[in-house]
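Subject: Structure for you to look at

Hello,

Here is the structure I promised to pass on. Please open it first, then read my notes below.

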Amino acid sequence: MKKIIVLLVASFLTATAICQTKKQVVEAACGQCQFGLPGKSCDLAIRINGKAYFVDGSKIDSHGDAHAKDGFCNAIRKAEVSGELVKARFKATHFELLPEKGSSNK
């Protein structure tokens, strides 16, 4: 019984940490092309602690050409996000694509 309680508490703390609205840097890319999520179109997704989630509140085409060399369908990028997980989807209140290392653009 103690193991179950400890497991439940640990799961709750992990979910709470992921769901906090503070800004955090995550991996961002096309959920289907880069993260292997199900679907037939290209949709924005993030990866937190090794698990990928589709994003609501920001669109894949809002951050440049997804099919460009450095686009989400061809590259995993870093993004600063805030929001929460709701029913296995990330509800973004902030999504900012970070410049690639060595890039002089913002």
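R77 counts as buried, at 11% relative accessibility. The cut-off for that label is under 20%. This is a predicted model, so treat the values here as computed from it. The side chain of R77 meets that of D70 in a salt bridge, at 3.9 Å from N to O. D70 is partly exposed, with a relative accessible area of 34%. So this salt bridge pairs a buried arginine with a partly exposed aspartate.

The count comes to four salt bridges. Salt bridges with shared partners join D56, R89 and K91 into one network.

Within that network, R89 and D56 meet through their side chains at 2.7 Å, N to O. R89 lies in strand β5 (residues 89–97) and D56 in strand β3, so the pair ties together parts that are 33 residues apart in sequence. Both ends are partly exposed: R89 has a relative accessible area of 31%, and D56 is at 21%.

Another salt bridge joins the side chains of E27 and R47, at 2.6 Å from N to O. Here E27 sits in strand β1 and R47 in strand β2, so the link spans parts that are 20 residues apart in sequence. E27 is partly exposed at 24% relative accessible area. R47 is also partly exposed, at 25%.

Now the strands themselves. Five of them close into a barrel, in the order β1-β2-β3-β5-β4. The pairing is mixed. On average, neighbouring strands of this sheet are turned by 55° against each other, direction ignored.

Look at the β2 and β3 pair next. Strand β2 covers residues 44–48 and strand β3 covers residues 51–56. They pair in the antiparallel sense, over four bridges. One residue pair to find there: I48 has K51 in β3 as its bridge partner.

One more site, in a loop. P38 is placed between β1 (24–30) and β2. Is P38 buried or exposed? P38 is exposed, with a relative accessible area of 64%. The cut-off for exposed is over 50%, so P38 qualifies. What does P38 touch, leaving aside its neighbours within four places in sequence? Its contacts are Q32 and F54.

Best wishes

How values were computed: Residues are numbered from 1 along each chain as its sequence is written. This is a predicted model: local features need pLDDT of at least 70, side-chain atom pairs count only at pLDDT 80 or more; totals for chains, interfaces and linings use all residues. Side-chain values use heavy atoms; hydrogens and water are left out. Two strands pair if DSSP finds at least two bridges between them. Helices (H or I, at least four residues) and strands (E, at least two) are DSSP runs, numbered from the N terminus. Axes are lines fitted to C-alpha atoms, for helices over the stretch in contact, and angles run from 0 to 180 degrees between N-to-C directions. Buried means under 20% relative accessible area, exposed over 50%, partly exposed in between (1.4 Å probe, protein chains only). Contact means heavy atoms within 4.5 Å.
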